[in-house]
Amino acid sequence: MERNIIKAFSLGLMAFALALTSCRKDEPITPKPDNKQTTVDEIAKVRITLSNGHLHGTKVFHYVPSGGTFTYRNIYDRQEYTFVKNGDQWVLSSDAPYTDFIGYQVQQYDANDPTSAAPDYGAIIYLYNAKGELINDQYASEANRPYYQFFFYPTEAKDFDGKSISFDASNPTSILKYVYCDTNVWNKSASKSPQDDKGNKLYYFLKDTEPIGIKGYFQNPTISQFTLNIDLWHSPKGKLEEGKASPFYTPNATVKSGKQLLHMSLPINVYASKDFQDEVVSYMDEDYNRRVDAAPDNEKENVKPVPYPFEKLSDANKVYALRIVKLLGAKDWESVSLDFFRYYKSYKHNNDPEGYF
């Protein structure tokens with residue numbers, strides 16, 4: 001009798017254990033944050049840089065500064081924006097270098113190769129406390145990064161004639177794309193990282209389950225004007241649902257249960273396709289080289305580039321030329337075309353790790 005009771009009890013335990021195992025198999029395993037956040041300073045100022053570059057891999061953004069000096073605003077290298085708090089609102093500082101962004105539509109030369117897309121705009125966000133001290137280390141530390149995430153999304157999209165452009169707000173990638181490229185040490189290059197004595201990289205890209213948004217790149221699929229919204233959320237419960245992070249353009253319910261710390265907005269002007277610049281530079285370079293070749297040896301160094309005549313532009317590029325003149329507040333197209341050539345001639349390869357994510 002006693003043996004039967006023991007046997008029955010053992011079988012019951014086995015069944016209970018199997019039931020638990022079965023339930024656990026059906027439940028998604030979601031990594032839980034350890035809730036060991038460290039103290040962070042309150043953000044008092046935000047500086048954002050957007051650099052014109054290209055890709056060597058899905059996350060390997062490469063920015064090559066030209067070193068050129070331009071007559072008008074530099075839209076080719078790095079555009080910089082500074083936000084400060086005004087009451088409850090975050091606004092562009094009165095002494096911000098720029099107050100809007102001017103850039104190109106991305107071209108995808110090979111749909112299966114991310115490195116064939118250009119241009120890409122590398123974005124780095126710098127956070128400062130009330131003392132003016134850089135505090136990125138606090139928000140991107142291993143202890144804190146499971147709880148903070150930037151989001152980027154467009155609103156108010158229109159063409160350059162003021163006509164609205166429709167896009168899906170729940171997936172706005174027809175207007176804007178962004179890739180998180182955060183690294184375990186936020187200001188170090190993963191692609192140019194040194195190695196330890198075992199051959200392991202000291203700096204590496206964070207997993208897709210650890211997006212922050214302090215470092216990443218944008219692509220602009222559509223010629224348009226829109227408002228770029230930049231939000232920072234703090235989520236004490238973590239950022240993941242069913243083991244996945246939110247897409248770059250919208251926080252999930254877990255993140256929304258936390259607190260939005262920042263909301264900033266920046267006017268964006270995607271004014272032309274990339275081949276507009278290519279046509280202008282190609283024409284001016286061929287014209288310049290032809291005149292250098294034709295000049296006597298003692299006069300070659302005195303040959304100067306001449307503007308690209310407006311009337312020689314294709315009809316489509318005439319539209320872009322007039323558009324960039326207006327956006328820059330320039331006096332005429334010809335003077336702007338000289339800046340295109342200055343950019344091209346001053347464009348030098350730079351292997352400095354600061355230019356690589």
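This is a short tour of two strand regions, with selections to make in your viewer. The model is predicted.

**Stop 1: the four-stranded sheet**

Select β5, β13, β12 and β9. In that order, the four strands form an open sheet with mixed pairing. Colour residues 101-105 and you have β5, one edge strand. Colour 148-158 for β9, the other edge strand. Each edge strand pairs on one side only. Now look at the turn from strand to strand: neighbours in this sheet are turned by 35° against each other on average, direction ignored.

**Stop 2: β5 beside β13**

Keep β5 and add residues 259-273, which are β13. The two strands run parallel and share five bridges. Pick Tyr104, then find Ala272 in β13, its bridge partner.

Next, select residues 274-294. This is helix α4, which lies across β5 and β13. Its direction makes an angle of about 45° with β13.

**Stop 3: strand β8**

Move to residues 120-128, strand β8. Nine of its nine residues are buried, so β8 is largely enclosed by the rest of the structure. Show the side chains. Asp120, Gly122, Ile124, Tyr126 and Tyr128 point one way. Tyr121, Ala123, Ile125 and Leu127 point the other way.

**Stop 4: the partners of β8**

Add residues 45-55, strand β1. β1 and β8 run antiparallel, joined by nine bridges. Select Val46: its bridge partner in β8 is Leu127.

Finish with residues 215-219, strand β11. β11 pairs with β8 in the antiparallel sense, over four bridges. Here Tyr121 has Phe218 of β11 as its bridge partner.

Conventions: Residues numbered from 1 in each chain as written. Predicted model: local features only at pLDDT ≥ 70, side-chain atom pairs only at ≥ 80, totals over all residues. Heavy atoms only, no water. Pairing = 2+ DSSP bridges. Axes fitted to C-alpha atoms, helices over the stretch in contact; angles between N-to-C directions. Contact = heavy atoms within 4.5 Å. Buried < 20%, exposed > 50% of the residue type's maximum accessible area, 1.4 Å probe, protein only.
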